[in-house]
Structure formats: C-alpha cells, structure tokens
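Good morning, colleagues. I should like to take you through a few local features of one chain, and then consider how far the model may be trusted.

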Amino acid sequence: MAVGFRKEAWLIAGLLAAYLVLAAILPAADDEIYYWSWAHPLQFSYYDHPPLTAYLIRLSTDLFGDSFFGFRVPACLSAAFVMGVIIHLSRPRSLIPGIVLTPLFTLGAVLITPDAPLLLAWAAYVWWLVEVHRRLTPVDEEAEDSVQSGCGKTPGPLTSDSAVTSGCQPSKPLDSREIPIWLWLVGGIIFGSGVLGKYTMALAVPSGFVSFCMVGRLWRRWLPGYIFHGVVSFVVASPILIHNIQHNFTPLLFQWRHSMGTSHPGIRPFGEFIGVQLLLFGTLPFFLYPWVLWSFRRLCQNPRLRACACLYAIPMTFFLYKATQAPLQGNWALVMFVSFWPLAAVWYESVGESKFWRWSTASAFIIPAASVLILVAHLVAPLPFVPIEGDRVCRQYAMNDVTRQIATTIRDRGEQLPVFTTTYQVTAWLRFQSLDGRQIDQYSRPSHFTQRPEYLTDVDRSYVVAEGPLPPQFAEGFDTPELIERFPVVVRGEEVRHFDLLLYTKTRMAKHGNADSNVKLIRHEESDASESHSFRKADSISLPQPLPIR
C-alpha cells in the first residue's frame with residue numbers, strides 16, 4: 001500500500017503519539033540513565049560523546065520532569081522528524097509501511113542516546129543538501145514529481161525528477177540565482193549540531209563534498225559557500241574543542257581508539273556487523289548496494305538522488321571496510337540508512353510492475369519486522385527460549401527495582417554519605433535514584449564520572465555498592481566493611497547477580513595519620529612564610545564535588 005503525500009502529516013503525527021506512549025512504558029536502558037546523568041550538571045562536552053544529548057535531556061526534563069518519559073521526548077521527536085524526511089524524499093512512497101515496521105522506527109525510536117540527535121541532524125543535512133543541489137541543478141518542479149512533466153509518458157525511475165535526464169525540456173528553472181548566504185548558514189548550523197550529537201556526523205564531510213563535485217564545473221557557485229558553512233559548523237561545535245583542551249584531548253583520543261582500532265580483524269566481525277544490520281533494516285540495503293554503485297553516475301544526475309547516493313554509498317563503503325578490521329557496534333551505521341530509502345524507492349519503481357519483485361521486496365522486511373514482533377511479545381510475556389543471562393529487557397526492569405531498593409535502604413538509615421560503585425552503569429542508576437553515586441576510578445572502564453578521579457580513600461566513611469568487598473588496593477586504610485544488606489538481581493525468577501551494600505569506615509590510625517600530615521603541611525607553610533617575611537595564602541586544592549542531587 002503506497003503512502004500518499006497528503007497522508008504524510010497524519011502518519012507522522014500518529015507515529016509521534018505512539019512513540020510518546022512507548023516512551024512512558026518501556027524500561028530504561030543502562031546507557032539512557034547514564035546519558036541522563038550528563039545533564040546534572042551540563043558541561044561543554046563529555047568523555048564518551050559530544051554534549052547535545054545532555055542538552056536535549058536537560059531541556060526535556062525541565063519541561064516534562066525527571067522520568068523515563070521526560071528524558072525520552074527528544075528521541076521521539078527525532079524519530080518522527082527522520083521518518084518525515086524519508087517520506088518527503090522518497091518517490092514513490094510504496095516502501096514506507098515496511099520502513100515504519102523496522103526496529104529503528106518502532107521500539108528503538110524512543111531510546112535517548114547520542115544516535116537521536118545524530119539521526120535528526122543527518123536527516124536535516126540530507127534535506128538541506130537536496131535543496132542546495134536543486135539550486136545548483138535547475139529542475140522543473142512538475143518534472144520532479146514525475147508524471148506531470150508534459151512529456152506524454154511517465155519518466156523512468158532514474159529520471160523521474162529531472163527533465164534533463166528524461167529527454168524533456170524543463171520549464172522555468174527552480175532557481176537560477178546564486179545560493180543565498182543564509183542557506184549556507186543553515187547548513188553549517190545543521191552540520192555543527194550533528195557533530196555536537198555524535199562524531200559519526202564527520203562522515204558527512206567527504207560524502208557531502210563528493211556530492212558537490214558531482215555537479216560539474218560549477219565550483220565557483222558552491223565552493224565559497226561550502227567553506228563558509230564549514231566555518232559555521234566549526235563554531236557551533238566549538239564546545240567539544242573547549243572541553244578537550246581542558247582535558248588534554250583525552251575524550252577525543254578515547255573515541256579515536258574506540259572507533260578506529262583494528263583489533264581482531266577478519267570474517268567474524270564482518271559477519272556480525274551484517275547480521276545486526278539485517279535485524280535492524282532487512283536485506284534491501286545490502287542487496288541494492290551494488291546497484292547504487294553501478295548506477296551512481298546516473299543517480300547523481302538528479303539533485304535529490306545525488307545527495308542521497310553520496311550520503312549512503314560512501315558511509316556504507318566505509319563501514320563495510322571497518323567491519324573487516326574490527327568489531328563494530330550495531331548502531332554506528334544507522335545514519336546511512338536515512339539516505340538509502342529514497343534510493344530504494346527509485347529502484348522499486350523500476351521493478352514494481354513485476355509480481356516477483358513486489359513479493360521479494362516485501363519479504364526483505366520480514367527479518368526486522370519479525371524481530372520487532374518477538375521483542376514486543378517478550379515485553380508482554382517473557383519468552384522461555386530467550387536465555388535469562390542474555391535477557392537485557394527483563395534485566396533493565398530488575399536494575400530499576402534493585403537500585404530503588406538500595407536507595408530506600410540508605411535513606412532509611414538516615415546517614416548521608418557518598419555511595420561508591422565499581423561501574424558507570426550502577427553509578428548512573430544510583431544517581432537517578434537521588435543518591436550521591438561516585439564511580440571508583442581505575443576499577444573498571446573510564447567514563448564521564450572518572451574525568452575528575454574519585455577514590456574511596458578520599459573520604460573517612462562511605463557506602464559501597466558492589467558484588468563483594470573491594471580489593472585491598474582500593475580500600476587501603478579502612479576497617480573490614482560492614483555488610484548492611486544484600487540485594488539479589490532477579491530476572492524472570494532467577495538470581496543472575498547480586499549487589500552488596502557495604503559500609504566502609506577508615507581506621508583510627510589512618511585518620512590520625514592524615515591529621516598529622518595536615519598539621520605538618522600547615523607548619524611547613526608557616527615556616528616558609530616567616531622566612532620570606534611575607535604573607536601568602538596556602539594554595540587551594542580543588543576537591544571533586546558530587547553532582548547536584550535531584
């Protein structure tokens with residue numbers, strides 16, 4: 001069933017309403033809670049990713065409250081906008097029902113991660129590129145929408161929106177003037193915002209540049225503006241640079257090693273990457289990849305398809321290569337599919353009269369649609385064939401319950417102490433439960449919480465939430481911890497792990513030793529001051545402060 005243009009607004013509104021309902025009822029993922037913690041307080045950027053996710057979460061929670069629904073509203077709006085762009089750029093719109101049933105536009109649409117602002121900016125940038133290319137390549141609007149081009153026949157799939165490639169003479173050009181400066185400004189803001197969302201936006205640089213190079217000998221019309229849009233995007237994304245200067249570029253180096261490493265190259269990571277993408281989007285993106293490469297020049301004769309072809313083929317080639325070099329996370333390649341679906345619509349138009357290809361195209365969506373149905377069924381009633389150890393859905397419910405119990409126990413004790421943990425996930429959950437959660441530095445993977453290192457030895461008394469007592473090197477100078485309570489993490493009736501709530505108290509000797517050291521330090525400073533016959537204040541030491549508690 002094709003989706004008509006007049007139904008576009010109603011479809012987007014219906015999807016948005018469904019997303020908002022799902023946002024309120026689905027369990028939060030560990031990483032969502034972690035990104036929520038970034039917003040308290042806001043920074044220029046963060047260790048793991050750029051800051052736009054935190055900015056959106058802060059704005060949303062200020063408006064809708066600190067809840068799963070409150071911090072997921074930006075993700076819902078982003079998914080609805082991305083689908084709107086896909087519908088707007090697709091001719092015909094016969095594939096839209098299948099696209100809507102993929103995981104990205106169903107359950108995945110409500111997850112607030114850096115992919116949400118990235119996809120929003122990528123879709124906006126594709127749309128912006130199309131508008132710029134339409135000005136560079138004058139096209140008759142009637143010819144753009146195919147049948148009404150006045151040629152006496154329906155243009156072919158590669159020529160449906162270009163009077164030049166269909167052999168027809170265009171009427172008045174869409175815009176024969178130079179591209180206005182405000183349009184380049186808009187493009188720079190969009191691109192810079194995408195970089196603020198996630199570093200993957202950088203793939204739009206070579207992709208967009210190639211799309212302009214495919215225009216022909218018109219570089220004087222686009223190169224100055226393209227450079228200006230790059231300067232604007234740099235200014236918009238400058239908070240990332242400021243943050244990295246403040247932290248000796250540690251965040252950027254971490255991301256570079258994380259994304260560009262070449263550990264464990266071979267067939268296995270490549271197969272895993274393909275498998276995940278098949279679950280997310282089906283077989284069409286891979287089946288049509290050779291067709292896009294073969295038809296690349298012809299596609300680029302059309303301003304709408306030129307932008308889509310470049311922002312799909314180049315990222316796709318990059319990710320396929322990277323998948324042979326090291327394992328890739330399944331969400332890294334999401335952006336290229338936004339640009340793919342308008343190309344798939346063109347291909348489908350060329351084969352749509354064949355019953356075989358119609359059925360084959362419909363079957364291409366079976367895998368992602370089936371994965372959504374299985375996940376929905378598992379949310380309603382846990383499926384017995386899903387391994388308990390790998391049941392991340394039910395585990396998220398359990399983590400929310402356990403951390404709430406821990407927070408209740410600590411508050412009932414009436415002693416306000418910091419709560420140290422061994423992982424960033426548990427730290428984030430405890431902060432969401434209004435506790436002063438702190439991640440012990442160098443115990444596990446670094447995170448936003450360890451940018452200002454904090455250790456148990458920094459305090460005299462503290463709670464610790466872990467799966468057992470800390471190794472001696474992390475609790476030096478403390479008495480044997482007191483076990484307050486053990487909290488089992490129960491998934492589908494089976495305990496998969498547990499958390500101990502421990503109370504650590506520094507030994508009297510360690511406290512006395514610290515006091516003696518402080519006295520010696522003060523006396524040493526007083527001696528230096530008297531010898532120089534001048535008064536000077538002792539250097540202030542900036543201790544790590546806990547984030548504000550809700």
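Glycine 65, just after helix H3, takes a positive phi of about 95 degrees. This is a predicted model, in which local features need pLDDT of at least 70 and side-chain atom pairs count only at pLDDT 80 or more, whereas totals for chains, interfaces and linings use all residues. Residues are numbered from 1 along each chain as its sequence is written, and side-chain values use heavy atoms, with hydrogens and water left out.

Helices here are DSSP runs of H or I with at least four residues, strands are runs of E with at least two, and both are numbered from the N terminus. H3 itself covers residues 52–64. Its 13 residues reach 18 Å from first C-alpha to last, close to the 18 Å expected at 1.5 Å a residue; that expectation is 1.5 Å times one less than the number of residues.

Which residues of H3 are buried, that is, under 20% relative accessible area with a 1.4 Å probe, protein chains only? They are Leu52, Thr53, Ala54, Ile57, Ser60 and Thr61. Their cover includes helices H2, H4, H6 and H8, contact meaning heavy atoms within 4.5 Å.

As to confidence, pLDDT is the predictor's confidence in each residue, from 0 to 100. The chain has a mean of 85, with 83% of its residues at 70 or more. Among its elements, H8 has the highest mean, 97, and H7 (residues 141–144) the lowest, 41. Over residues 140–157 the pLDDT is below 50, although this stretch has 28 contacts in the model beyond near neighbours in sequence. Where pLDDT is low, the predicted coordinates should not be read in detail.

Notes:
Buried < 20%, exposed > 50% of the residue type's maximum accessible area, 1.4 Å probe, protein only.
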